[in-house]
Structure formats: structure tokens, C-alpha cells
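The following exercises are to be worked with the sequence and the three-dimensional model at hand. Each task is followed by a solution in steps.

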Amino acid sequence: MTTKPFHPPQRTLMGPGPSDVSPRVLAALGRPTIGHLDPAFVEFMDSLKELLQYAFRTTNPLTMPVSGPGSVGMEACFVNLVQPGDTVVVCQNGVFGGRMRENVERCGGTAVVVEGTWGRAVDAGALEDTLAQHPEAKFVAFVHAETSTGARSDAATLADIAHRAGCLVIADCVTSLGGIPVEVDAWGLDAVYSGSQKCLSCTPGLSPISFGPRAVEVIQNRATPIQSWFMDMNLVMGYWGTGAGRSYHHTAPVNALYGLHEALVMLREEGLENAWERHRRHHLALRAGLEALGLSFVVPEAERLPQLNSITMPDGVDDASVRRRLLVEYNLEIGAGLGALSGKVWRIGLMGHACNLTNVLGCVAALETILVSEGASVPTGVAVEAARRSFASSAT
């Protein structure tokens with residue numbers, strides 16, 4: 001067998017993640033590798049932390065990237081905070097709320113689930129009622145941007161309800177960070193985690209996290225040891241703390257961190273508010289094009305993520321065939337439905353570097369062509385123009 005280098009095809013990534021990666025980020029990944037305790041790298045870590053604090057809108061000292069995907073960031077939050085016997089109220093309105101529940105149970109906690117409707121925001125009233133019934137609860141966990149449905153929950157309101165009940169908040173911001181407002185300090189989010197491969201447009205494999213002062217107090221005063229050595233923040237902070245006196249914990253993924261740093265530099269250059277507005281404008285253009293094709297959205301507009309759009313499939317169309325043809329004929333990736341929405345929806349991402357007008361127009365044009373050839377009854381010759389008009393009007 002002959003061993004050959006792998007040369008991946010050039011795709012346009014408009015699924016639920018990963019998103020397209022900027023050439024600047026790809027170039028940063030190829031910079032010279034240095035030791036993870038090199039004085040130059042230690043200085044670089046301080047810069048990376050400051051950029052993450054900017055993205056999260058926080059001054060939390062315990063802000064850093066975890067070496068692993070968003071799922072590792074999720075575990076880091078739960079294993080550091082939840083002890084055996086703790087009651088955690090988990091808001092579940094999609095797949096990833098379910099993963100939060102599993103984490104609580106694996107930590108030995110009791111998960112009290114607030115069951116929500118898939119494709120809708122978390123019901124604040126239901127959370128309030130549940131907390132009234134469970135005064136023993138110590139934490140409230142929810143997904144800010146539910147990637148499986150494209151629903152956006154009101155994190156500020158949910159956090160306020162939790163705090164009034166005496167609970168700390170654990171928030172999944174994997175798909176929201178960089179795409180819509182995430183205000184860790186202003187909303188009082190005690191522990192948050194995200195992912196490098198969504199709206200930050202870096203490569204997969206890193207999970208930015210941040211713990212507030214109340215969460216740090218819990219971590220430092222636990223009655224039981226943190227069950228994960230690798231994710232024990234008491235140990236990790238010895239490496240990701242401030243200054244030159246860092247202690248060895250693990251070999252950091254040096255080049256991957258170069259990439260995340262460059263992605264965050266680009267976010268800082270654009271400005272958070274400008275990034276949020278860019279995602280909104282391009283969502284409106286995509287919406288106009290898709291609705292011109294007669295396609296409908298799962299999530300109501302007021303609760304919809306601009307960067308992750310769940311679209312109901314037309315009747316009689318084969319899900320896998322359409323997605324396969326988009327990939328083969330147009331090098332365009334969109335996502336399938338998950339869980340209760342599997343086989344019923346497509347998930348179209350507009351995240352980070354992929355959130356641009358060229359991608360919007362290419363996506364609606366390709367969908368129109370394939371849907372017509374698959375026998376779907378959709379209007380022709382109108383989608384691209386509708387998207388263009390929307391973008392022009394939202395830019396004024």
C-alpha cells in the first residue's frame with residue numbers, strides 16, 4: 001500500500017460547524033512550534049486570555065481555552081462545580097440540553113429537567129416554577145444557542161431567575177460566542193463554555209471557558225475531589241494563571257492556540273458589535289432567499305439564531321440526496337437534523353468567516369437548482385434576487 005499525503009477538497013462549510021476557516025487563521029497554524037513553557041509562549045498566553053475576555057465580555061481571571069472541543073468545555077464546567085448529591089435544574093429544548101443532563105448525572109448530581117419544545121427558546125416561566133418546587137437546587141444549566149434547532153434563549157432573564165433562587169448558572173455558549181451578544185459579566189453567567197469552530201471560525205479542538213468569582217469559590221471549597229484530573233481548574237490555573245511562574249500541567253496544543261489567537265485578533269479588529277450585525281444582516285438575506293423558495297423556518301423569528309438556521313424540508317424530497325448533491329456538485333456542506341428533527345430539517349450555518357454574501361447567494365441558488373431537479377415544487381429565478389434585495393436594504 002502506497003502512503004500518500006492527504007489533500008482535502010475545498011468545501012464551503014455552511015452546516016452547524018465547523019465553519020470556514022480564514023486563510024489568516026490557517027497561516028497562523030503553520031507558525032513555528034515553540035515549547036509550551038517558553039517565555040515567549042507564556043507572554044502569548046496572557047494575550048490569548050485578554051482576547052477571550054473581550055469575546056466573552058468579562059473580567060474573569062479564570063478565562064482560558066480548554067484543550068478539547070466544546071464537549072470538553074462542557075464537562076469542565078460540570079465536573080468542577082457539581083458534586084455528588086447536588087441538585088441541578090437543566091433546561092432541555094434540544095440535543096445539547098440533554099448532554100448537560102447526562103453530565104450532571106455522571107457527576108453524581110440529581111438533574112431536574114425543565115422540558116422545552118424543540119425549536120423554541122427555554123420557557124422562563126417554566127424555569128421559575130421548577131425552581132420554586134426545588135429550593136434545594138444549587139445550579140441552573142441552559143443552552144444559550146441550541147445548535148440542534150437554531151433556537152436562541154434569553155440568557156439574561158434565565159440567569160436572573162436562577163440567581164434570585166440562589167443558584168449559580170452554567171451556560172452553553174458554543175454556537176453563540178461571536179455571533180450574537182454574550183455578556184458574561186452583565187448577565188452574571190457563573191460558568192460558560194464555547195467552541196473554537198463555530199462563529200470564531202477557528203479549527204475544531206479548543207473550548208474557551210470562563211468561571212466567575214462565585215463559581216471559583218465553589219471550586220476551591222468543594223467537599224469532594226474533582227473527578228477529572230485533566231479538567232481540575234485548581235490544577236489548570238497553575239498553568240493558565242498570570243505571570244511567568246506557571247507550573248507544568250499538560251502540553252498545550254501550541255499551534256492550535258496560535259490559530260485561536262489569530263481568530264480572536266480578527267474578531268477584535270472587526271469589533272464584537274460589528275460581528276453581531278454582520279451575522280444579522282446575512283441571516284436576513286438568507287431568510288429572504290429561502291422564503292422566496294417557499295421554505296419555512298422551524299424557529300420563530302424572535303427566538304431564531306442568525307448564525308444557525310433550521311429549515312423545514314419540502315414534502316417528497318430526500319434529505320440525504322439533497323445534502324449529498326450539494327456536497328458533490330457544489331462543494332457545499334449543510335447539516336442534517338438531529339434528534340427529534342432528524343430527517344425533517346436542514347441546518348444552514350452562517351458562522352464567522354462563512355457568513356458572507358457570496359455564500360448566501362451560492363447556497364440559495366444551489367438549493368433552488370437541486371430542489372427543482374429532485375421534483376420539489378418551488379418557484380424558480382427569484383431566490384437570489386430576493387436575497388440581494390434584502391442585503392441591500394439592511395445595509396442602508
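**Exercise 1: A strand and its partners**

Strand β8 pairs with strand β9 (residues 191-193) in the parallel sense, over three bridges. The model is a predicted one.

Task. Determine which strand pairs with β8 over five bridges, and identify the bridge partners of Ala171.

Solution.
- Step 1. The strand in question is β5 (residues 139-143), and its pairing with β8 is parallel.
- Step 2. On the β5 side, Ala171 is bridged to Phe142.
- Step 3. In β9, Val192 is the bridge partner of Ala171.

**Exercise 2: The two faces of β8**

Task. Assign the residues of β8 to the two directions in which they point, and state whether they are buried or exposed.

Solution.
- Step 1. Leu168, Ile170 and Asp172 point one way from the strand, while Val169 and Ala171 point the other way.
- Step 2. The criterion for a buried residue is a relative accessible area under 20%.
- Step 3. Five of the five residues in β8 (residues 168-172) are buried, and the strand is accordingly described as mostly covered.

**Exercise 3: Two pockets**

Task. Describe the largest pocket and the second largest pocket by volume and by lining.

Solution.
- Step 1. The largest pocket holds about 360 Å³ of space. Its lining has 14 residues, and Gln10, Arg11, Leu13, Val21 and Leu26 are the closest to the centre.
- Step 2. By class, this lining of the largest pocket consists of eight nonpolar, four polar and two charged residues.
- Step 3. For the second largest pocket, the volume is about 220 Å³. Here 15 residues form the lining, with Ser71, Phe96, Arg99, Val174 and Lys198 closest to the centre.
- Step 4. Two or more lining residues of the second largest pocket come from each of α3 (70-81) and α4 (95-106); α3 provides the largest share, three residues.
- Step 5. The lining of the second largest pocket comprises seven nonpolar, four polar and four charged residues.

**Exercise 4: The surroundings of Gln307**

Task. Locate Gln307 in the chain, explain why it is classed as buried, and describe its surroundings.

Solution.
- Step 1. Gln307 belongs to the loop that runs between β11 (296-297) and β12 (308-312).
- Step 2. Gln307 is classed as buried because its relative accessible area is 0%.
- Step 3. A polar atom of the Gln307 side chain lies 2.9 Å from the backbone oxygen of Thr175.
- Step 4. Apart from neighbours within four places in sequence, the residues in contact with Gln307 include Thr175, Ser176, Gly179, Cys199, His279 and Met351.

Key. Residues are numbered from 1 along each chain as its sequence is written. This is a predicted model: local features need pLDDT of at least 70, side-chain atom pairs count only at pLDDT 80 or more; totals for chains, interfaces and linings use all residues. Side-chain values use heavy atoms; hydrogens and water are left out. Buried means under 20% relative accessible area, exposed over 50%, partly exposed in between (1.4 Å probe, protein chains only). Helices (H or I, at least four residues) and strands (E, at least two) are DSSP runs, numbered from the N terminus. Two strands pair if DSSP finds at least two bridges between them. On a 1 Å grid over the protein atoms alone, a cavity is a set of points where a 1.4 Å probe fits but cannot get out, and a pocket is an open set with protein on both sides within 12 Å along at least five of seven lines; lining residues have an atom within 4 Å of a point. Grid points are joined across faces, edges and corners, and a volume is the space filled by probe spheres set on the points. Ala, Val, Leu, Ile, Met, Phe, Trp, Tyr, Cys and Pro count as nonpolar, Asp, Glu, Lys and Arg as charged, and the others, Gly among them, as polar. A polar contact is a pair of N or O atoms within 3.5 Å; within protein, one must be able to donate a hydrogen and the other to accept it, and residues adjacent in sequence count only if both atoms are side-chain atoms. Contact means heavy atoms within 4.5 Å.
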